[in-house]
Amino acid sequence: MKKLLAGASALAAAIALTPISDAQADELTLCWAAWDPANALVELSKDFTAQTGTQMKFEFVPWPNFADRMLNELNSGGKLCDLLIGDSQWIGGSAENGYYVKLNDFFDKEGISMDDFAPATVYAYSTWPKGTPNYWALPAMGDANGWFYRKDWFENPDLMAEYKSKYGRDLAPPKTWAELKDTAEFFQGRQIDGKTVYGAAIFTERASEGITMGATSALYPYGFKYENTPGKYDMEGAVNSADAVAGLEMYKEIYKCCTPPGYTDSYMGEGLDAFKSGQVAMMMNWFAFMPGMAKDENVGSKTGFFVNPGAKIEASTLGGQGISVVANTDNMDGALAYIKWFAQPDVQKKWWSLGGYACHNAVLNDPGFKDSQPFAAQFLEAMNGVQDFWQEPAYAQLLQAMQKRLHDYVVADTGTAKEALDGLIQDWTAIFEEEGKL
């Protein structure tokens, strides 16, 4: 990701001179991952076409291939995407390498204020360097890793009585990782409705990001941090702290005790399949899938949702994305017009109603929001405690190092948690040294 495109300052100057309010393009291509929210965005975007006459095309790539496909597109200076809803971890590299348009002048000109969006989403999806008022995307799709559970099983009187007798507490969505392990063990191998069921579907996928997104859902609540001092890359005692070791050990314990057989390389799709087919009592997965699950004709009425359990603190692994204008677009005016349209409160409200996760305060602070969906209150709670992976330009290398270390320990049963995290510091140190950060 070293190739530089047009300088961000020159782009910003060009944007400032462009009459955005009247700008149109005959056609725009928006690139994103292929999943339920993308279908909702297609429906929402029909309103943009109706208002502007601009035809929308979409390039949706399955999640396992999404990063490789889109980062290759950006690196090669391709012309496929005018707009890109890219992962939060890409923001640093895309900003520094000139792949995204810096949007500050455009936001100022059009009266789009980042104060109108949830602070966690602005920080994660829009800013680089982190926390600075330098904006490379508009918050588009709020998301966090959460949990789905079989409400009908949890409310079964016989199971409730047995659980209460065994653990001395009610069978309910777990609030801590220790309770999660107990509950997963309780269901593991049990016969329900004439078939054997299992405790939990968690992320174990090796090739892209799966096991990292899953394991950090345990690591963060236990106290794992990337640095002792933000921006200093001082990882010793943060990445491999005693608390971080305990979190990773817990994740492995749940993998070993309570997942379906052969669950060695599983991510979003495998989890959804396991849950919908009645194999598991609980499933780790993104909030993005909750609208679809709530409407599922087979298990929707039987499904409940809960926030990622805590340990020392309450924390959730951040998902979600911002929407950026690709610097190499030939349709700059139209792409910016789409951003302006999408930022409107009424559009954001419709986005939520269709199954997207709006980040606009006009939606999230509405008095009726918490009751608008069976997972809305949990979403707000999760977004108040989200933590994200490195957003550094070398993010892909950093991620692959973590994927290997975690999969080797959790799934392949190699070494100890402390050795895995110590090795990860070595890997990351080498990467940051090559980047000139250390």
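Which residue in S3 does Cys31 stand opposite? Cys31 stands opposite Leu84. Please keep in mind that this is a predicted model.

Let me begin with the strands around that pair. Strand S1 covers residues 27–33, and two bridges join S1 to S3. These two strands run parallel. On strand S3 itself, which spans residues 83–87, five of the five residues are buried. So much for S1; S3 also pairs with strand S12, residues 321–325. Here the sense is antiparallel, and there are five bridges. To give one pair by name, Leu83 has Val325 in S12 as its bridge partner.

Next, the overall layout. The protein chain is divided into two parts: domain 1, made of 26–143 and 319–387, and domain 2, made of 145–317 and 394–434. Each domain is written as two stretches of the chain. Between the C-alpha centres of domain 1 and domain 2 the distance is 27 Å. How many residues of domain 1 are in contact with domain 2? The number is 24, and they touch 23 residues of domain 2.

Now the open spaces, starting with the pockets. The largest pocket has a volume of about 660 Å³. Its lining consists of 22 residues. Nearest the centre of this pocket lie Tyr123, Lys130, Tyr226, Glu227 and Asp388. Sorted by class, the lining of the largest pocket holds 13 nonpolar residues, four polar ones and five charged ones. Helix H6, at 119–125, and strand S13, at 386–387, each supply at least two residues of that lining. Which of the elements gives the most to the lining of the largest pocket? The answer is H6, with three residues. Both domains take part as well: domain 1 and domain 2 each provide at least three residues of the lining of the largest pocket.

The second largest pocket comes to about 270 Å³. It is lined by 17 residues, and those closest to its centre are Ala67, Asp68, Ser208, Tyr395 and Gln400. Two helices, H3 at 63–75 and H18 at 395–410, each give at least two residues to the lining of the second largest pocket. H3 has the largest share of that lining, seven residues. The classes in this lining are eleven nonpolar, three polar and three charged. Where does the second largest pocket lie with respect to domain 1 and domain 2? It lies between them, because both domains give residues to its lining.

On to the cavities. Searching the whole structure turns up four cavities of 30 Å³ or more. I will describe two of them.

The largest cavity holds about 110 Å³ of space. Its lining has 15 residues, with Asp87, Glu209, Trp286, Gly319 and Gln321 nearest the centre. You have met some of the ground here already: S3 covers residues 83–87, and S12 covers residues 321–325. In the lining of the largest cavity there are seven nonpolar residues, five polar and three charged. Since domain 1 and domain 2 both contribute residues to the lining, the largest cavity lies between them.

The second largest cavity has about 50 Å³ of space. Ten residues line it, and Glu73, Leu74, Gly78, Val326 and Asn328 are the closest to its centre. The lining of the second largest cavity divides into six nonpolar residues, three polar and one charged.

Two local items remain. The first is Arg150, in strand S5, residues 145–150. Is Arg150 buried or exposed? It counts as buried, because its relative accessibility is 5% and the cut-off for buried is under 20%. What is Arg150 in contact with, leaving aside its neighbours within four places in sequence? The list is Phe275, Gly278, Val280, Ala281, Val299 and Lys302.

The second item is helix H9, residues 177–187, which is mostly covered. Eight of its eleven residues are buried. The buried residues of H9 are Trp177, Leu180, Lys181, Asp182, Thr183, Ala184, Phe186 and Phe187. Just after H9 comes Gly189, with a positive phi of about 75°.

To recap one point before we stop: the second largest pocket lies between domain 1 and domain 2, and the largest cavity also lies between them. That is the end of my part.

How values were computed: Residues are numbered from 1 along each chain as its sequence is written. This is a predicted model: local features need pLDDT of at least 70, side-chain atom pairs count only at pLDDT 80 or more; totals for chains, interfaces and linings use all residues. Side-chain values use heavy atoms; hydrogens and water are left out. Buried means under 20% relative accessible area, exposed over 50%, partly exposed in between (1.4 Å probe, protein chains only). Helices (H or I, at least four residues) and strands (E, at least two) are DSSP runs, numbered from the N terminus. Two strands pair if DSSP finds at least two bridges between them. Contact means heavy atoms within 4.5 Å. On a 1 Å grid over the protein atoms alone, a cavity is a set of points where a 1.4 Å probe fits but cannot get out, and a pocket is an open set with protein on both sides within 12 Å along at least five of seven lines; lining residues have an atom within 4 Å of a point. Grid points are joined across faces, edges and corners, and a volume is the space filled by probe spheres set on the points. Ala, Val, Leu, Ile, Met, Phe, Trp, Tyr, Cys and Pro count as nonpolar, Asp, Glu, Lys and Arg as charged, and the others, Gly among them, as polar. Domain bounds come from an automatic or database domain assignment.
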